[in-house]
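This report looks at charged side chains and at cysteines in one protein chain. Please keep the sequence and the structure in view while reading.

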Amino acid sequence: IITEKADELKELTARAVGEVTIREAVMEVSVWFEQTDFSMLEHPVKGGTVPLVKDWKDLLSEVSDKQSLCASLKDSRFFGPFKDQVEKFEEKFGILDELLLCMNKVQRKWVYLEPIFG
C-alpha cells in the first residue's frame, strides 16, 4: 500500500518541508521586529547630549534584507497559509523603510546645522 501512495507521500513531505521553511522565515522576521534596537550615539550639545542613531547603513541593509526575504516567500507554492502574515510584514517594512530614510535625512541635516545655530 505504501508503494501505491508513494506520490502522495512525496507531495505531503514536500509540503511539510516547504511550510516549515516559510514558518521559520516568518519567525525570523517576527523576532527581528521584536528584538531589534537602534544603535545610539550620544552627541554632545550645549548643556548635555542628544541621542543620535548610528550605523544607518547596517540598519537600512537589514530592513532591505527582510523585505527581500518576505518577497521571496511569495514564490513558494506553499505560501498560501502565510499570506496574510507576510503581507502585514511587507506593509510594516515599507513604512519602516520610508521612516528610516526620512529620519536619516533629518538627522544628517541637524548634525550639519547644529554647530551653526547651536
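Does R77 count as buried or exposed? The model considered here is a predicted one, and in it R77 has a relative accessibility of 59%, so that R77 counts as exposed, because anything over 50% falls in that class.

**Salt bridges**

Side chains of opposite charge can pair when their charged atoms come close. A search of the whole structure finds 5 salt bridges, and three pairs, among them R77 with E11, are described here.

In the pair formed by R77 and E11, the closest N and O atoms are 3.4 Å apart. This pair links distant parts of the chain, since R77 sits in the loop between α2 (56-73) and α3 (83-117), while E11 belongs to helix α1 (residues 6-35), 66 residues apart. E11 is partly exposed, with a relative accessible area of 38%.

A salt bridge also joins the side chains of K74 and E90, with a distance of 2.9 Å from N to O. K74 lies in the loop between α2 and α3, whereas E90 lies in helix α3, and the pair therefore ties together parts that are 16 residues apart in sequence. K74 counts as partly exposed at 39% relative accessibility, and E90 likewise counts as partly exposed at 24%.

The pair of E87 and K83 is placed in another way, for both residues lie in helix α3, 4 residues apart, which is about one turn of the helix. Their closest N and O atoms are 3.9 Å apart, a distance that still counts as a salt bridge because the cut-off is 4 Å. E87 is partly exposed, with a relative accessible area of 34%, and K83 is partly exposed as well, at 40% relative accessibility.

The table collects the distances for these pairs.

| Pair | N to O distance |
|---|---|
| R77 and E11 | 3.4 Å |
| K74 and E90 | 2.9 Å |
| E87 and K83 | 3.9 Å |

**Cysteines**

How many disulfides does a search of the whole structure find? The search finds 0 disulfides, which means that no pair of cysteine sulfur atoms lies within 2.5 Å. The surroundings of two cysteines can still be described by their accessibility: C70 is buried, with a relative accessible area of 1%, whereas C102 is partly exposed, with a relative accessible area of 47%. The value for C70 is under 20%, so C70 belongs to the buried class.

Conventions: Residues numbered from 1 in each chain as written. Predicted model: local features only at pLDDT ≥ 70, side-chain atom pairs only at ≥ 80, totals over all residues. Heavy atoms only, no water. Helix = DSSP H or I, 4+ residues; strand = E, 2+ residues; numbered from the N terminus. Buried < 20%, exposed > 50% of the residue type's maximum accessible area, 1.4 Å probe, protein only.
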